[in-house]
Amino acid sequence: KSPTSANVCLLQHAAMLGVDAAAQHLEEVLRLHFGGNEALGLPSSVPVAPALRCTILLTSLFFSVFLAVISLRISRMFLSGRMEVPTNSVEGRLAKATEALSVVPVVAILMIATRLRAIQLAGDARFGAPPIWAQLCMYGATFACFCRFLTDVFCFRNESEELTLAATGIRHTATATLFLCSAAIVISTLIMEAKSADTEPLGAMMQCMLTLAVAYFLETGVREAFCRPRKLEDPSTSSYGSFSPASHEEDVFALPAQISLQFPPMLCVLYVAIALRAVQLHLEPRLWANCAMYLTTMATIVQQARATTAFVQKEGKSSLLGDEAAGPALGRMESFDEKSKLFWSVTTCCIYVGTLLTLLSVAGMESKSSSETSTPAPLSTAMCCVMALTVVYFGSYLLLTAGSLLRRFLGTWKQWAQSTASGVQRSLAFAPMLCVMMIGVRMRAMQIGVRDPPYWAQCCMLVATAAVITQVTCSILTESQAVGGQIVDKDAVTKLLLLSVLGIRYVASAVLFFSVASLMVSLAWMQPVLEA
């Protein structure tokens with residue numbers, strides 16, 4: 001070779017060595033920063049707990065279905081240019097069937113809470129397990145969630161009355177199975193006892209979580225019992241959006257009242273995350289933090305009872321469509337007199353204040369041992385992500401609530417809150433289930449005897465959290481224009497900016513799905529590194 005070619009080869013070799021050294025250095029920095037000491041390899045000798053297996057299955061169902069809906073939506077928008085969803089299309093039928101997924105986050109976090117209670121009583125994450133019958137109920141509830149969704153798809157894809165009737169019967173059976181299995185899981189959490197020591201009482205976090213879960217299932221059952229069967233031609237199910245614009249025009253309190261019904265799943269996730277931190281580090285919340293949790297729980301349940309009563313009295317319709325299955329929503333709210341406005345204002349303020357105090361209490365939790373005076377361990381990556389998503393979740397809805405209440409004084413922005421609500425709800429719908437997956441990964445790390453998940457799994461948690469925040473931001477900026485089909489009326493520069501933000505939103509969605517898949521892999525294949 002000529003001297004010039006030899007020099008080029010040497011430079012290429014040096015560049016490759018430099019890149020390899022930089023990658024190894026970055027990996028070591030991340031490992032030291034996050035503290036993970038596990039690697040990806042063959043499954044650990046400790047089998048994955050049934051609660052975590054069910055969590056993986058439910059997470060796969062939840063995100064894969066919404067991935068299909070979003071993919072079909074992107075294809076429709078870019079290939080045909082249509083903003084409306086054809087009712088008899090695959091996208092419309094699949095979107096309507098996702099109503100069955102609204103309870104999935106609560107079911108998954110209930111299973112994790114039961115597993116956490118067993119760990120608390122056993123004193124060791126490697127040996128703590130719920131009773132066998134409770135674990136069988138977890139599998140039963142998971143199977144019922146799949147059946148509910150599949151029968152909904154089957155109903156909407158068949159016009160035969162006999163087949164639809166049979167599928168409806170199967171769905172009702174699956175719903176009853178889901179509720180019975182969930183009730184058994186709750187009972188197992190309450191009656192579980194320690195084998196070799198005094199049974200530690202349930203903490204405030206677990207009490208509030210179980211109360212919210214039971215109330216959520218009761219509300220869901222009442223709505224499904226009183227809701228007449230949906231048809232493809234129903235106006236309330238002809239397009240995406242569980243917030244009714246008509247009710248928003250009637251009263252500025254309609255949107256805030258509907259928004260407050262989206263909180264129970266996220267509150268359940270937050271309480272279990274705090275309980276996990278308390279069990280792993282032997283901490284307990286302060287008295288004022290317990291009071292804040294009880295206040296938030298009580299206000300949430302009172303709101304649920306009020307909304308459910310109004311729903312039954314007016315025989316309303318419930319609709320959870322597309323990827324906005326963040327919780328039960330009313331097609332039309334009650335008329336708001338002065339007492340009703342005062343009720344929703346006071347209870348909503350209690351929820352926000354109680355949640356804020358709960359978040360502030362996490363870093364200041366006390367050690368159970370009075371002799372220990374050391375400062376608490378720093379917040380884990382999973383805990384930080386759950387807290388960040390909780391802030392975004394409640395903050396976004398607070399922004400929409402403020403926009404709805406102040407729309408009389410906002411001039412041309414008076415329609416912003418109601419047109420943006422559905423888009424923000426679609427983005428926030430992933431937050432509870434994502435948090436459940438993060439908690440599951442951290443619990444798996446505890447099960448195999450290490451403190452933290454792999455550093456790359458913690459990076460995926462941060463990336464997924466950033467993706468959700470990006471989607472919410474993009475929805476707030478563009479949804480009011482995209483929903484109304486006003487993009488075509490803008491000038492070229494504004495149109496380019498809106499389309500760019502919309503593209504960023506879909507890129508963030510893809511990153512979110514990839515991160516969730518990575519978290520599921522880390523949960524199933526996590527193992528400790530054998531140290532010399």
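Helices and strands here are DSSP runs, numbered from the N terminus, with at least four residues for a helix and at least two for a strand. The close-ups below all come from a predicted model.

**Figure 1. His-282, a residue with positive phi in a loop.** Let us begin where two numbered elements meet. His-282 sits in the loop that runs between helix 10 (264–281) and strand 2 (283–284). Its phi is positive, about 55°, although His-282 is not a glycine. With a relative accessible area of 52%, His-282 is exposed, because the cut-off for that class is over 50%.

**Figure 2. Arg-148 and Glu-224 joined by a salt bridge.** The structure holds five salt bridges, and this view shows one of them. Between Arg-148 and Glu-224, the closest N and O atoms are 3.1 Å apart. The pair links distant parts of the chain, with Arg-148 in helix 5 (residues 132–157) and Glu-224 in helix 7 (residues 204–226), 76 residues apart. How buried or exposed are the two partners? Arg-148 is buried, at a relative accessible area of 0%, whereas Glu-224 is partly exposed, at 24%.

**Figure 3. Asp-152 and Arg-171, a buried pair.** Here the closest N and O atoms of the salt bridge between Asp-152 and Arg-171 lie 2.5 Å apart. This pair, too, links distant parts of the chain: Asp-152 belongs to helix 5 and Arg-171 to helix 6 (residues 161–191), with their positions 19 residues apart in numbering. Both Asp-152 and Arg-171 are buried. If you put this view beside the previous one, which residues are linked in a network of salt bridges? The network is made up of Arg-148, Asp-152, Arg-171 and Glu-224.

**Figure 4. Glu-219 and Arg-223 along helix 7.** Another salt bridge connects Glu-219 with Arg-223, and its closest N and O atoms are 2.9 Å apart. The two residues are separated by about one helical turn, because they are four residues apart in helix 7. Glu-219 and Arg-223 are both buried.

**Figure 5. A nonpolar patch on the surface.** For the last stop, we turn to the surface. Trp-288, Val-353, Leu-356, Leu-357 and Leu-360 make a nonpolar surface patch of about 470 Å². Which helix gives the largest share of the nonpolar patch? That is helix 12 (residues 338–361), which contributes four residues. Val-353 is found in helix 12, and at 45% relative accessibility Val-353 counts as partly exposed.

Note on methods:
Residues are numbered from 1 along each chain as its sequence is written. This is a predicted model: local features need pLDDT of at least 70, side-chain atom pairs count only at pLDDT 80 or more; totals for chains, interfaces and linings use all residues. Side-chain values use heavy atoms; hydrogens and water are left out. A salt bridge is a side-chain nitrogen of Lys or Arg within 4 Å of a carboxyl oxygen of Asp or Glu. Buried means under 20% relative accessible area, exposed over 50%, partly exposed in between (1.4 Å probe, protein chains only). Patches are made of residues with over 30% relative accessible area and no salt bridge: like charges are joined within 9 Å, nonpolar side chains (Val, Leu, Ile, Met, Phe, Trp, Tyr) within 5 Å. Accessible areas come from the Shrake-Rupley method with a 1.4 Å probe; for residues, only the protein chains shown count as cover.
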